[in-house]
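Biologist: I have a model open and want to learn to read one helix in it. Where do we start?

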Amino acid sequence: MDEFAKPAPGVVLLAAHPNWRESRVNRLLLDGARTLPWVQVRDLYASYPDYDIDVPAEQEAVAAASLVVLLHPVQWYSMPALMKLWLDEVLRYGWAYGPHGTALQGKDLWLVATTGGTEASYHPQGYNRYFFDAFLPPYEQTAALCGMRFLPPMLLHGAHRVSAEEIAAHVQTFTQRLGSYPDWPELEDMPACPACDVPQGDRPAVHDQAAAR
Ligand SMILES: Cc1cc2nc3c(=O)[nH]c(=O)nc-3n(C[C@H](O)[C@H](O)[C@H](O)COP(=O)(O)O)c2cc1C
């Protein structure tokens, strides 16, 4: 089958930046993703300025994708608040995980993030005191709980100091990666996601959540 006959896998990109106008890097990554017609871009702060997330619409978008990309600046060693709320509200028990919660099983999750701190600052002797990997387990385990593979993240450290050329090269690598997914060499050897069964008593009952909608 030639390259052009291959159906493009669904890619949904969830982008969260509380202040796009001041963004040096994420804004350009977002612009790059928007040039790719098969990538569905969902700009969370633009869509939900009042934090009132349309859960069914978001669930429908991610359920249709093979790859879910999280794009954001690192804030307080984590994700911006609206992206966290997106996880809280969209990844429901009984839908994304737990009994019958299989909507995301077999999909891939890819974190694309920037930090203000340089790579050297993410070191036991640096002011951030930990290697950046130490901040990844919440993402990784969120993916695992939903039956998703957590792909190797794409990070740009020192976002305020890197040159315009470095940013341009980073954006180009990002769009190339989106273009070549799922033909990434490192995915061949990646193990399938481990099964993580959440016992009923560890979350509110599914019918209570349905009533709260
Ligand atoms: C509220 C807030 C919290 C931040 N927390 C961190 C942090 O924990 N670690 C870090 O390296 N940078 C932190 N930063 C810096 C951002 O990560 C940085 O400004 C961003 O990655 C730059 O990307 P942009 O050019 O797309 O805005 C923080 C910035 C803000 C506004």
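Modeller: With a cut-off. A residue counts as buried when its relative accessible area is under 20%. Keep in mind that this is a predicted model.

Biologist: Which residues of helix H5 are buried?

Modeller: H5 covers residues 137–145, and its buried residues are Tyr139, Ala143 and Ala144.

Biologist: Why do they lie on the same side of H5?

Modeller: The general idea comes from the helix turn. An α-helix has 3.6 residues a turn, so residues three or four places apart point the same way. Now this case. The buried residues of H5 are Tyr139, Ala143 and Ala144. They cover an arc of only 135 degrees around the axis, so they sit on the same side of H5.

Biologist: What covers the buried residues of H5?

Modeller: Strands are part of the cover. It includes E3 (67–73), E4 (108–114) and E5 (149–150).

Biologist: What comes just after H5?

Modeller: Look at the backbone there. Gly147 takes a positive phi of about 75 degrees.

Biologist: How do I place H5 in the whole protein?

Modeller: Count elements, then read their order. The protein has seven helices and six strands. Along the sequence they run β-α-β-α-α-β-α-β-α-β-β-α-α. The radius of gyration is 18 Å, close to the 17 Å that the globule rule gives for 213 residues, so the protein is as compact as a globular protein of that length.

Biologist: How many of the 213 residues count as buried?

Modeller: The share is 45%. Check contacts too. Among those with a separation of 6 or more, 77% join residues 24 or more positions apart.

Terms used:
Residues numbered from 1 in each chain as written. Predicted model: local features only at pLDDT ≥ 70, side-chain atom pairs only at ≥ 80, totals over all residues. Heavy atoms only, no water. Helix = DSSP H or I, 4+ residues; strand = E, 2+ residues; numbered from the N terminus. Rg over C-alpha atoms; globule rule 2.2 N^0.38 Å. Buried < 20%, exposed > 50% of the residue type's maximum accessible area, 1.4 Å probe, protein only. Contact = heavy atoms within 4.5 Å. Arc of directions from axis to C-beta.
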